[in-house]
Amino acid sequence: MLRPTTPEDTPALLALAEQTGVFQPFEVEGFAEVLEDYHDEEQHNGHFAYTWEEDGAATGFVYFAPADLTDGTWDLWWIIVAKARQGRGLGARLLDLVEQSVRQECGRQLLIETSSLPQYEPTRRFYLKFGYQVVARIPDYYAEGDDLIIYVKRITQPLA
């Protein structure tokens, strides 16, 4: 069941992020700050956070928002799927939700940033599978040997 994320979800979502084995401790700390900011103010600034729940447990999460100072560009900040649910279509459902929401908000394109580290390889393949294109790579962005990779997908057709 998909539902808006609440402050009470935070401990379960942080545990979910840790259990994926992908995120480093400082990234989980950053995620905690994002959730706090969302509940304090960002949900009133056009940001969206949804939790996927199964049998009373959070098994997925997605966070996206319009990119500041743009006309119709959106950012996918976080998409997290429980390790036991990966490869079973939940990530695709969450990504589809984001794309539909961006479309409804008259968004033009969706940007996604990720890491070049080996543990992110399945993530990078996932985005390519759903039609995202790599448009930039910034070497050593996050740390030495950890590049920033930026993906984009056109959500609406350009005006003629």
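**Exercise 1. Find which residues Glu 42 touches, leaving aside residues up to four places away in sequence, and place Glu 42 in the fold.**

Solution. Taking contact to mean heavy atoms within 4.5 Å, and not counting residues up to four places away in sequence, Glu 42 touches Asp 37, His 47 and Tyr 63. The model is predicted, so that local features need pLDDT of at least 70 and side-chain atom pairs count only at pLDDT 80 or more, while totals for chains, interfaces and linings use all residues. Residues are numbered from 1 along each chain as its sequence is written, and side-chain values use heavy atoms, with hydrogens and water left out. The next step is the position: Glu 42 lies in the loop between α2 (25-40) and β2, where helices (H or I, at least four residues) and strands (E, at least two) are DSSP runs numbered from the N terminus.

**Exercise 2. Decide whether Glu 42 is buried or exposed, and state how far away the nearest side chain of opposite charge is.**

Solution. Glu 42 is buried, a term that stands for under 20% relative accessible area, against over 50% for exposed and partly exposed in between (1.4 Å probe, protein chains only). Glu 42 has no salt bridge, which would need a side-chain nitrogen of Lys or Arg within 4 Å of a carboxyl oxygen of Asp or Glu. With Lys and Arg counted as positive, Asp and Glu as negative, and His and the chain ends not counted, the nearest side chain of opposite charge is Arg 108, 19 Å away.

**Exercise 3. Trace the pairing on either side of β3.**

Solution. Strands pair if DSSP finds at least two bridges between them. Strand β2 (residues 48-54) pairs with β3 in the antiparallel sense over seven bridges, with Glu 54 opposite Ala 57, and in their hairpin, which has two residues between the strands, Asp 55 takes a positive phi near 50°. β3 also pairs with β4 (residues 73-81), again antiparallel and over seven bridges; Pro 66 has Trp 74 as its bridge partner, and Gly 60 stands opposite Val 81. Eight of the 10 residues of β3 (residues 57-66) are buried.

**Exercise 4. Follow the chain from β4 to β5 and give the sense of their pairing.**

Solution. β4 and β5 (residues 109-115) run parallel and are joined by four bridges, in which Trp 74 is partnered by Leu 110.
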